[in-house]
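Here's a walk through one model, helix by helix and sheet by sheet. Have the structure open and follow along.

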Amino acid sequence: MTIDYTWWKDATVYQIWPASYKDSNGDGIGDIPGIISELDYIRDLGIDVIWLSPMYKSPMEDMGYDISDYEDVNPDFGTLQDMQNLIDGCHERGMKIICDLVLNHTSAEHAWFKESRSSLDNPKRDWYIWKKPKYDADGNRHPPNNWLSYFSGSAWTYDDTTGEYYLRLFANGQPDLNWENKECRNAIYNSALKFWLDRGVDGFRIDTAGLYSKHQSFADAPIVFKDQIYQPSDKYTHTGPRIHEFHREVHDEVWSKYDIMTVGEVGHCKRDQALKYVSAARKELNMMFIFDVVEVGSDPGDRFRYDGFSLKDFKKVIQNQSDFTKGTDGWATSFIENHDNARCISRFGEDKKYSQKSGKLLAVLQTTLTGTLFIYQGQEIGMTNLPRSWPIEEYKDINTINYYNAFKEKYGNDPDFKEKEEKLLDVINLVARDHARSPVQWNSSANAGFTTGKPWTRVNDNYTDINVESQKKSADSLLRFYQKMLQLRKQYKDLFIYGNLEILDYDNDKTFTYLKELPDAKSPKAYVVLNMSNDQVKFAPLIDGDFNLLAANVDELDENVLTPWEARVYIVD
């Protein structure tokens, strides 16, 4: 078998959420100089690429995904020179850096939108999506259709200046750009892409990469949630009629001119449609993020409608995530945590009695999966979800707050509201985006060493037990285990990065056992067994061969037993 080695396929990527990484000046907000101060730590972990979440100028309604100037840095995070120092600092250490690219929408404070909303005949009016109101029989004004915002309520905002609504699939201050307008697209390419590529950025993670093309009928969405007015608009906004044309145009006009990495956030997509985004022959994106794993148990249209999942469900979505490379020219990604999702130990492990052990199990899982590996800040030390005891007022994310407020408005007068609220708070405590956004826990000093000031959002209470400094000192820590597993991933990259995944115990509700193998029957295989339960279970190899232990998250192995949350990796000849 001939393997097409490419730097972005072999890479381990480390995502940084700037506001919560490290604060250098005591204002309580993480910043770029703070990131620069920890570049050696990131390199020593075994990282090849840093993915920096939005650092652009922004009013921060949605934590920087509402960009008011693509060509400047948010003053809270630093300056353009600080950003250049970060780019150069990564390169000096043999790492690369990719930035978040937000192309579906801008901030309402962006100069383009200020012009667009100024009058009906402004030259930039058509750079955004404007529609006239609908009126009912009583003359009451309504949005143009029933599309639901991803952050609750209508996806349309009425603008008094011109008497029309603008589309904003996310927050009020995030108007959607009109990709049907070529002049608008050219401006995006020059301002958001080339500006940074010419300064040395090595690629982009592309936000909401499936949403640029809207069906121009702007028809009402089908009724999915009968208990609410506004409905998910995916039928008309996700993977629309021109989406692949737009991605190919970006490639031809921009990507093809540089040696870069592109990963698109597409979210939910059937396999045949997903492969259109990442097929090498189609020249659109290098790879994509599908949310099958991180959102398992939730309704795809509403993360807070949560039913839970079985281990079999988990195996199925891991298989789907890994299979993009099987028999295709597409490429896969491996991730179980990011800025939009809860902490993996709380979601998929056990964050109390077996916190560090289950964290090591999840490290084994991730580092042996096919595709480009993505790790989120704090994952390497086992940061967990926020405590259930915290009140809703401690949550800062617009998605969480809007959802809770809409829920309270809808059910607040119900006699069983308290019971309903507790159930919702349980779900928020499990899946809210806020959990990933608490400050990184550097040490056991005040505010976990994140800042000398008052942090913009509360530090998790467990920082004295879970922090970088203590784990650096312990040879048995999760941090040290991640370093070891990342080294093994590179040492056995043919199997782990490029090999196919075959699940061997699909129906087992406690263990997750799989092979990683290459098509060449003579090549050795990797045999991974994970006990994803609080119970001790029997262990017996499910295939024949000569088993040689490569890694485990326990010091002493019993040949016949797997202890709770035990993980092993064997090379089998």
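## Helix 7 against helix 9

Helix 7 and helix 9 cross in a right-handed way, where a crossing is called right-handed if the near helix is turned clockwise from the far one by less than a right angle, and left-handed if anticlockwise. Helices here are DSSP runs of H or I with at least four residues, strands are runs of E with at least two, and both are numbered from the N terminus. Helix 7 covers residues 182-197 and helix 9 covers residues 243-253; they pack at an angle of about 50 degrees, with their axes 12 Å apart. The axes are lines fitted to C-alpha atoms, for helices over the stretch in contact, and angles run from 0 to 180 degrees between N-to-C directions. Helix 7 and helix 9 are therefore oblique to each other; under 35 degrees counts as roughly parallel, over 145 as roughly antiparallel, 65 to 115 as roughly perpendicular, and the rest as oblique.

On the helix 7 side, the contact uses Lys182, Arg185, Asn186, Tyr189, Leu193 and Lys194, and helix 9 brings Phe246, Glu249, Val250 and Glu253. Contact means heavy atoms within 4.5 Å. Sorted by class, the residues of this contact between helix 7 and helix 9 come out as 4 nonpolar, 1 polar and 5 charged. For those classes, Ala, Val, Leu, Ile, Met, Phe, Trp, Tyr, Cys and Pro count as nonpolar, Asp, Glu, Lys and Arg as charged, and the others, Gly among them, as polar.

## What kind of model this is

This is a predicted model: local features need pLDDT of at least 70, side-chain atom pairs count only at pLDDT 80 or more, and totals for chains, interfaces and linings use all residues. Residues are numbered from 1 along each chain as its sequence is written, and side-chain values use heavy atoms, with hydrogens and water left out.

## Two more helix pairs

Helix 9 also meets helix 10 (residues 271-278): their axes come within 10 Å and cross at roughly 20 degrees. That makes helix 9 roughly parallel to helix 10. The crossing of helix 9 and helix 10 is right-handed. Ile243, His244 and His247 of helix 9 make the contact with Gln273, Lys276 and Tyr277 of helix 10, a set with 2 nonpolar, 3 polar and 1 charged residues.

Further along, helix 14 (residues 398-411) packs with helix 15 (residues 417-431) at an angle of about 165 degrees, and their axes are 11 Å apart. Helix 14 and helix 15 are therefore roughly antiparallel to each other. This crossing of helix 14 and helix 15 is right-handed too. Helix 14 contributes Thr400, Tyr403, Tyr404, Phe407, Lys408 and Tyr411, while helix 15 offers Phe417, Lys420, Glu421, Leu424, Leu425 and Ile428. By class, that's 8 nonpolar, 1 polar and 3 charged residues.

## The five-stranded sheet

Now for the sheets. One open sheet has 5 strands in the order 18-19-20-24-22, with antiparallel pairing; two strands pair if DSSP finds at least two bridges between them. Its edges are strand 18 (500-503) and strand 22 (547-552), each of which pairs on one side only. From one strand to the next, the twist averages 25 degrees.

Helix 13 (residues 355-367) packs on this sheet, touching strand 19, strand 20 (525-531) and strand 24 (567-572), and its direction makes about 150 degrees with that of strand 20. At the strand 18 edge, 4 bridges join strand 18 to the antiparallel strand 19 (residues 511-517). Ile503 has Tyr514 of strand 19 as its bridge partner.

## The three-stranded sheet

Another open sheet, of 3 strands, runs 6-10-9 with antiparallel pairing. Strand 6 (130-131) and strand 9 are the edges, each pairing on one side only. Strand 9 (residues 156-159) and strand 10 (residues 164-167) run antiparallel and are joined by 4 bridges.

Within that pair, Trp156 has Leu167 as its bridge partner, and Thr157 stands opposite Tyr166. The hairpin has 4 residues between the strands, and Gly163 takes a positive phi near 70 degrees.

## Domains

The domain assignment gives domain 1 (12-107 + 182-473), domain 2 (111-167) and domain 3 (500-572); such bounds come from an automatic or database assignment. The C-alpha centres of domain 1 and domain 3 lie 30 Å apart, and their contact takes 24 residues from domain 1 and 26 residues from domain 3.
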